[in-house]
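The following exercises concern helix packing, cavities and pockets. Each task is followed by a solution in steps.

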Amino acid sequence: MTVLGSLRSSEMGVTLPHEHLLANFQPYEERQRQPWTYEQDEVVEVVRPYLAQLKKLGCRTFVDSTAVGLGRDAHLLKRLSEETGMNILTVTGNYAAFDARFLPSYVLTDSEDALAQRWIDESRNGIEATGVRPGFIKLGFNGGPLTVAEQKLIRAAAIAHRETGLTIGAHTGPAVAAFEQLSILESAGVHPSAWIWVHAQKEEDPSQHLRAARRGAWVSFDGVGPDSVAAHVKMVTRMRDAGLLHRVLVSHDAGWYHVGEPRGGSFRPFDTVFTAFIPAVRAVGFTDSDIDTLFVNNPANAFSIAVRRTRP
């Protein structure tokens, strides 16, 4: 589900599964009192050339992972998709990382069913008055043992997934939070293949990546940058050698226009995957088929809308 409507997964083409076009790091309570503002025309002027460059590099689908509460702007994404021809996905869900400073107060008072219903409503009816429907559920966790609020988020995600078929992308990091989420999902009847371990590269024990992939989860190494190419090649090669390349996602986690900074501050482009990472994995024996697995087949499978259950 893109910001312009549904798309066959086979039509996604080369996809970056975790990026950002705009972000707003103003804490929720402060934003309620005096929100930072920005001009959409300026954001488009700044951001559009980076999407145009990305399209020239061969990318066709861009997953904008900016969470609810951190600057998700369905109007902006729809406009950018229309003006650039890039397929763009956006999110529903809530984000408790960074000690819940971006978490709306209703998350603490809603039941997990009521919280899930908010996400289900956006999936069915669109985000606010835009008509834009989310392409996945984005959650945020702090990386340690789950707090009460974080447990509620993942339980609500299980409910919403069973109703909508939307994949759950979870900003997670260390394995302790990852496997607690997986256990909750599986106990709720949701298969690990409905869940993406976002920022898995931050887990230093590579055996945990293998363990999650063997369980059926998506393992996302999404911090590719000029200084991390070698480390990402090593992680992805290890997964390939274990026969688990089909569970791997790779992206930059780059961008973005920073709300509150002049002209959005420093914007990191989306080119390193194409100019450095892909040549580097080719140099260690990755084939064209392997590259397609990482950037075409895996994202298409990960973001397809389908209810994935552990049992009938």
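**Exercise 1.** Into how many nonpolar, polar and charged residues does the lining of the largest cavity divide?

*Solution.* The model is predicted: local features require pLDDT of at least 70 and side-chain atom pairs pLDDT 80 or more, whereas totals for chains, interfaces and linings use all residues. Residues are numbered from 1 along each chain as its sequence is written, and side-chain values use heavy atoms, with hydrogens and water left out.

Step 1 fixes the terms. On a 1 Å grid over the protein atoms alone, a cavity is a set of points where a 1.4 Å probe fits but cannot get out, and lining residues have an atom within 4 Å of a point. Grid points are joined across faces, edges and corners, and a volume is the space filled by probe spheres set on the points.

Step 2 lists the lining of the largest cavity: Pro 17, His 18, Ser 65, Phe 136, Gly 169, Ile 196, Val 198, Ser 220, Leu 249 and Phe 303. Strand E1 (15-19) and strand E8 (195-198) are the elements that give two or more residues to this lining. Helices (H or I, at least four residues) and strands (E, at least two) are DSSP runs, numbered from the N terminus.

Step 3 applies the classes: Ala, Val, Leu, Ile, Met, Phe, Trp, Tyr, Cys and Pro are nonpolar, Asp, Glu, Lys and Arg are charged, and the others, Gly among them, are polar. The lining of the largest cavity thus holds 6 nonpolar, 4 polar and no charged residues.

**Exercise 2.** State the volume of the second largest cavity and the classes of its lining residues.

*Solution.* The second largest cavity holds about 40 Å³ of space. Its lining consists of Leu 22, Asp 64, Thr 66, Gly 71, Arg 72, Asp 73, Leu 76, Leu 77 and Thr 90. By class, the lining of the second largest cavity has 3 nonpolar, 3 polar and 3 charged residues.

**Exercise 3.** Describe the largest pocket and its lining.

*Solution.* A pocket is an open set of grid points with protein on both sides within 12 Å along at least five of seven lines. The volume of the largest pocket is about 490 Å³. Among its 23 lining residues, Arg 31, Val 68, Gly 69, Arg 72 and Glu 128 are the closest to the centre. Helix H1 (28-33) and H3 are the elements that give two or more residues to this lining, and H1 supplies the largest share, 3 residues. The lining of the largest pocket comprises 12 nonpolar, 6 polar and 5 charged residues.

**Exercise 4.** Why are H2 and H3 classed as oblique to each other?

*Solution.* Axes are lines fitted to C-alpha atoms, for helices over the stretch in contact, and angles run from 0 to 180 degrees between N-to-C directions. Helix H2 (residues 40-56) and helix H3 (residues 74-84) cross at roughly 45°, their axes coming within 10 Å. Angles under 35 degrees count as roughly parallel, over 145 as roughly antiparallel, 65 to 115 as roughly perpendicular and the rest as oblique. H2 and H3 are therefore oblique to each other.

Contact means heavy atoms within 4.5 Å. In H2, the residues Gln 40, Asp 41, Val 43, Val 44, Val 47, Arg 48, Leu 51 and Lys 55 meet His 75, Leu 76, Arg 79, Leu 80, Glu 83 and Thr 84 of H3. This contact of H2 with H3 has 6 nonpolar, 3 polar and 5 charged residues.
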